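Let's take a walk through this structure together. Have the sequence and the model open side by side, and we'll go piece by piece.

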Amino acid sequence: MKNKSLVSINDYTKDEQLRILDLAEKFEKKPVQTILKDHVIASLFFEPSTRTRLSFESAVNRLGGKIVGFSEASNTSIKKGESLRDTILTVANYSDLIIMRNPIEGSARFASELSHVPIINAGDGANQHPTQTLLDLYSIKKTQGTLDNLHIAMVGDLKYGRTIHSLVIALCNFNTTFHLVSPVELKLPSSVKMHIKENKLAYHQYTEMDEVLPKADILYMTRIQQERFSDPLEYERIKNVYNLHHDMILNTKDNFRVLHPLPRVSEININVDKSPKAYYFEQALNGVFVRQALITSILGIA
Ligand code: CP
């Protein structure tokens, strides 16, 4: 994995993904080290973020590395008209690795083709969010004891949800049965569904989540992605379509866990938080260990 950019989840083989998860387990046991003390990591966030940016920064800081970058492009020379191309060529001279979130689909691939240092895609528009997928796989493995043969229910905005797109592709390696719950307007794109079909896996589509809950090992909730809608009225019509309440998960399997990449809006009532089956805040914590594993693997020091 040394010097290998991570733009799309399938840039890394199943074995490489599993190696990151194994390494993340080691970082979870010992997250504070000095192995990044000679490295500078660039963090370029052109779109808002809480978990991804701060867990990357926490991961680097806990390993003794330095972070340079920005959390909004309005404070940079992009405001003066500088291109993404020139920004990447410049920042690659200041750092050993670039982490980038950008609203334009394909921007991370574009950056990886220009940069002489590796690029980690921290989300490119509605396309992919591969580091979220690695921490989702880690969270699923940790709660289920395995990644194989699970029933995974995915609920919400399957059309624009980039975490969903990357996770579906990754789970195709593990004989997953997919339960896809969304409004008709927000179904999983056929380009992503194609991966399920190519792997000859079972998938079922629903508009309501009730009948899925007793079958699921993992319920992966997502928010309706307001920022991707071209018509604000359509968002207003759909935004509250799902709302998971504590009572709805009482008759689920013992191993059932609720995951959510966060942020949430109204799709999970806060009364679910007290359930031992709610796992989304632990999931966000797992992001630190997985990102430590990823960065050190790419830099060839783990
Ligand atoms: N899960 C995730 O990408 O969260 P942020 O948008 O807060 O980074």
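In what sense do strand β5 and β6 pair, and over how many bridges? β5 (residues 151–155) and β6 pair in the parallel sense, over 5 bridges. Here, strands are DSSP runs of E with at least two residues, helices are runs of H or I with at least four, and both are numbered from the N terminus. Two strands pair if DSSP finds at least two bridges between them.

A quick word on what you're looking at: this is a predicted model, where local features need pLDDT of at least 70 and side-chain atom pairs count only at pLDDT 80 or more, while totals for chains, interfaces and linings use all residues. Residues are numbered from 1 along each chain as its sequence is written, and side-chain values use heavy atoms, with hydrogens and water left out.

Back to our pair of strands. Find I152, and you'll see that it stands opposite F178 in β6. Both strands belong to an open sheet of 5 strands, ordered β7-β6-β5-β8-β9, with parallel pairing. At the edges sit β7 (203–206) and β9 (257–259), each pairing on one side only. From one strand to the next, the twist averages 20°; angles like this run from 0 to 180 degrees between N-to-C directions, using axes that are lines fitted to C-alpha atoms, for helices over the stretch in contact. Over at β9, 3 bridges join the strand to β8 (residues 218–221), and the two run parallel. In β9, V258 is the bridge partner of L219.

Now zoom in on β6. In a regular strand the side chains alternate between the two faces of the sheet. In β6, T177, H179 and V181 point one way, F178 and L180 point the other way, and all are buried (under 20% relative accessible area with a 1.4 Å probe, protein chains only; exposed is over 50%, and partly exposed is in between). With 5 of its 5 residues buried, β6 is largely enclosed by the rest of the structure. Helix α7 (residues 190–198) lies across β6 (177–181) and β7, running at about 145° to β7.

Between β6 and α7 there's a loop, and L188 is in it. L188 counts as buried, at 3% relative accessibility. Its C-alpha is 4.7 Å from that of L158, although the two are 30 residues apart in sequence. Leaving aside residues up to four places away in sequence, L188 touches L158, I164, H165, V168, L180, K193 and I196, where contact means heavy atoms within 4.5 Å.

There's another sheet to visit. This open one has 4 strands in the order β2-β1-β3-β4, and the pairing is parallel. Its edge strands are β2 (66–70) and β4 (119–124), each pairing on one side only. Strand β3 (residues 97–102) and β4 pair over 4 bridges in the parallel sense, and I99 stands opposite I120 in β4. Helix α3 (residues 84–91) packs on this sheet, touching β1 (40–45) and β3, and its direction makes about 155° with that of β3. Helix α4 (residues 107–114) lies across β3 and β4, at about 165° to β4.

Last stop: helices α5 (residues 130–144) and α6 (residues 162–171). Their axes come within 8 Å and cross at roughly 55°. The contact is made by P130, Q132, T133, D136, L137 and I140 of α5 and T163, S166, L167, A170 and L171 of α6.
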